[in-house]
Amino acid sequence: MARKSRKADFVSTGKVEKPVAVREEMPVFRAGLYARLSLESDANKERGTIENQMELLKKFVDGTDDIVVEREYMDISKTGTNFERDGFEEMMRDIRDGRINCVIVKDLSRLGRNYVEAGNYVERVFPFFEVRFIAVTDGYDSIKEDADLSVCMSNIFNEFYSRDLAKKVRAAYRSNWKKGSNVCGNLAYGLMSDPMDRHRIIADPDAAPVVVRIFEMFVDEKMGYAQIAKVLNDDGVIAPKAYKHFKKTKELPRDYDAIWKGHTIARMLSNPYYAGDSRHNHHGSDRFAEKKQWEEPEENWIIVEDTHEPIVPRILYLKAQERLKEIHKNSRNYGKKNEGELACRNFYKKKAVCGDCGATMYLIKSSSGAANFVCGGHLTKKGCSRKSISENALNDEVLRVIRIHMNVYVDSMEMLKRMNRKTESMKKYDVLTKEIQKLHHDMEKLTEHRQQLYEDYAERLIDAEQYEAFAEKDAAAEAKLRKQIDEITEYQRKYDRNYCASRDWEAAIEKYRNIRHLTKKMVDAFVEKIEIFSAGNVTVHLIYDDMLEELVAYTKEREAADNGE
């Protein structure tokens with residue numbers, strides 16, 4: 001069927017126009033954008049790595065005329081060596097349900113680093129479901145006749161080459177370590193690289209005296225870790241991490257804790273660098289796949305003696321090591337007998353914190369055999385008093401709060417489902433369904449309009465400026481339609497007779513509703529943070545608290561509307 005031109009200044013010449021062959025409409029692909037990040041660190045969050053991947057994919061779709069974005073899928077802190085990922089599995093369900101018929105990723109490694117399995121998906125699984133696959137930066141598009149998967153594979157092999165190169169660099173480091181040359185860019189507090197020779201370690205004139213003072217307090221005055229930390233805090237000495245920032249910028253950092261802690265003192269007292277020796281290979285890491293770091297066993301350490309001038313006299317350092325061994329020796333029985341048992345019994349780990357200073361509450365067993373959570377920061381932080389709560393009391397309070405939460409959820413959901421079974425609610429659901437169908441129809445018409453617009457531009461019926469203006473208008477209309485569809489769909493969902501506020505939330509409540517005793521898995525499923533104050537006062541923050549508040553408010557709103565209030 002002939003189509004009217006949208007060119008504004010088109011004037012008929014009166015000549016008989018040649019019949020134009022009608023083009024077949026190009027198929028429109030409903031795309032799922034998939035992004036994966038192996039490890040979400042603070043640096044990654046600042047750079048918005050996962051968001052950057054999505055932005056790249058969206059820009060790619062904006063430059064096409066046969067693809068629309070149906071859904072976005074993300075996997076954060078998920079390895080690419082296997083395909084057991086929530087976002088990927090959700091995408092595969094939508095593929096099987098026919099919701100999407102196109103998958104777009106940044107490159108093949110985002111789909112998976114197991115190149116055999118990734119190739120199986122691209123060459124077998126996706127074609128079986130008639131799904132188009134695009135790897136943007138690899139330049140791969142499965143519907144193109146010249147599509148070559150080897151291009152994608154070569155990028156994965158390049159990463160293996162990078163890993164092999166990293167091993168060679170590390171071997172060079174080891175060679176330098178044994179020669180006594182410093183190749184470390186992050187030296188301990190009190191030490192610095194010589195400005196004249198970056199491979200030579202020298203004392204930091206500002207911080208070295210503090211290190212010597214710490215060793216003297218520990219050896220000569222027999223002070224404990226927390227006591228030393230308190231003395232330094234009272235004297236206004238800046239802690240190592242904040243000091244490093246201060247030395248560079250001459251300003252105290254806003255987001256760093258400038259307070260000394262006991263574990264920092266303990267770590268410094270066992271550092272051989274202060275005695276003039278170097279310790280290498282203390283930690284191992286795999287920066288290729290999992291990006292994990294671990295502590296190597298002591299037999300794998302490389303200790304090189306007398307690599308630089310000591311800032312702590314060796315005799316003082318050795319006395320400190322003797323006292324450290326004595327402390328560990330005296331606590332060895334407690335560690336073996338009780339520490340493992342308490343670690344298993346502590347359901348909260350870093351979730352239980354002091355309500356005054358924010359320090360972690362530790363589970364400690366007293367001489368009487370009672371186990372209590374005590375504040376780990378009352379000795380080092382001002383304004384914090386010693387406080388504790390018994391293990392049983394805390395477990396009882398957490399269980400009580402979780403049970404109240406589950407009961408309120410169940411009551412609210414039952415009330416909503418009863419209201420949704422009423423005739424008025426069912427009619428409302430049907431009206432919303434028709435409204436959503438109309439919006440989807442409008443979306444299809446808009447997609448057709450975009451295709452027609454592109455054909456007009458290709459046939460030179462409209463110029464580039466007009467094409468851009470029309471395309472921008474269509475994009476704005478599409479964004480508005482998508483927003484309306486999402487909003488009405490979410491609103492309609494609340495009138496569903498089988499309404500579910502959240503699959504994960506409901507599954508957790510269903511699993512633990514009839515359990516009478518607190519378990520670590522229950523805590524992991526529900527508890528976000530626990531604040532413990534003086535006199536045994538406890539505030540329990542649950543993961544789904546905000547969602548429960550919204551659910552209760554919506555239930556009351558619906559109940560009032562049904563009652564005509």
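**Exercise 1. A loop residue with an unusual angle**

E130 sits in the loop between helix 5 (115–128) and strand 4 (132–135). The model is predicted. Find out what is unusual about the phi of E130, and decide whether E130 is buried or exposed.

*Solution.*
- Step 1. Recall the usual case: most residues other than glycine have a negative phi.
- Step 2. Look at the angle. E130 is not a glycine, yet its phi is positive, about 55°.
- Step 3. Check the surface. E130 has a relative accessible area of 68%, so it is exposed.

**Exercise 2. Another positive phi**

Locate K222, state its phi and classify its accessibility.

*Solution.*
- Step 1. K222 belongs to the loop between helix 7 and helix 8 (225–234).
- Step 2. Its phi is positive, near 55°, and K222 is a residue other than glycine.
- Step 3. K222 has 54% relative accessibility, so it counts as exposed. The cut-off for exposed is over 50%.

**Exercise 3. Salt bridges between separate parts**

How many salt bridges does the structure hold? Then work through the pair R71 and D94, followed by K247 and D206.

*Solution.*
- Step 1. The count is 19 salt bridges.
- Step 2. Take R71 and D94. Their closest N and O atoms are 3.1 Å apart. A salt bridge needs such atoms within 4 Å, so this pair qualifies.
- Step 3. Place both residues. R71 is in strand 2 (residues 67–76) and D94 is in helix 3 (residues 86–96), so the bridge ties together parts 23 residues apart in sequence.
- Step 4. Compare the two ends. R71 is partly exposed, at 22% relative accessible area. D94 is buried, at 9%.
- Step 5. Turn to K247 and D206. Their side chains form a salt bridge with an N to O distance of 3.6 Å.
- Step 6. Place these two as well. K247 lies in helix 9 (residues 240–249), and D206 in the loop between strand 7 (197–203) and helix 7 (208–219), so this bridge ties together parts 41 residues apart in sequence.
- Step 7. Classify the ends. K247 is partly exposed, with a relative accessible area of 31%. D206 is exposed, at 52%.

**Exercise 4. A salt bridge inside one helix**

Explain how E478 and R482 are placed along their helix, and describe their salt bridge.

*Solution.*
- Step 1. Both residues are in helix 14 (residues 464–493). They are four residues apart, so about one helical turn separates them.
- Step 2. Their closest N and O atoms are 3.3 Å apart, and the pair forms a salt bridge.
- Step 3. E478 is buried, with a relative accessible area of 13%. R482 is partly exposed, with 26%.
- Step 4. Salt bridges can also form a network. D66, R132 and D141 are linked in this way.

**Exercise 5. Aromatic pairs**

How many aromatic pairs are found in the whole structure? Classify the pair Y409 and W505, then the pair Y512 and F526.

*Solution.*
- Step 1. The search finds 19 aromatic pairs.
- Step 2. The rings of Y409 and W505 are 4.5 Å apart, centre to centre, with 55° between the planes, and the pair is tilted.
- Step 3. Y409 is in helix 12 (residues 391–420) and W505 in helix 15 (residues 503–512), so the pair ties together parts 96 residues apart in sequence. Both Y409 and W505 are buried.
- Step 4. The ring centres of Y512 and F526 are 6.2 Å apart. Their planes meet at 70°, so this pair is edge-to-face.
- Step 5. Y512 is in helix 15 and F526 in helix 16 (residues 520–526), 14 residues apart.
- Step 6. Y512 is buried, at 6% relative accessible area. F526 is also buried, at 0%.
- Step 7. Aromatic residues can gather in a cluster too. One is made of Y34, F88, Y121, F126, F133 and Y140.

**Exercise 6. A charged patch**

Which residues gather in the patch of negative charge on the surface, and which helix gives the largest share?

*Solution.*
- Step 1. The patch holds E528, D545, D546, E549 and E550.
- Step 2. Helix 17 (residues 545–562) gives the largest share, four residues.
- Step 3. Test one member. E550 lies in helix 17. Its relative accessibility is 57%, so E550 counts as exposed.

How values were computed:
Residues numbered from 1 in each chain as written. Predicted model: local features only at pLDDT ≥ 70, side-chain atom pairs only at ≥ 80, totals over all residues. Heavy atoms only, no water. Patch = residues over 30% accessible without salt bridge, like charges linked within 9 Å, V, L, I, M, F, W, Y side chains within 5 Å. Areas by Shrake-Rupley, 256 points an atom, 1.4 Å probe, with all protein chains shown as cover. Lys, Arg positive; Asp, Glu negative; His and termini not counted. Charge placed at Lys NZ, Arg CZ, Asp CG, Glu CD. Helix = DSSP H or I, 4+ residues; strand = E, 2+ residues; numbered from the N terminus. Buried < 20%, exposed > 50% of the residue type's maximum accessible area, 1.4 Å probe, protein only. Phe/Tyr/Trp six-rings, centres within 6.5 Å; stacked < 30°, edge-to-face > 60°.
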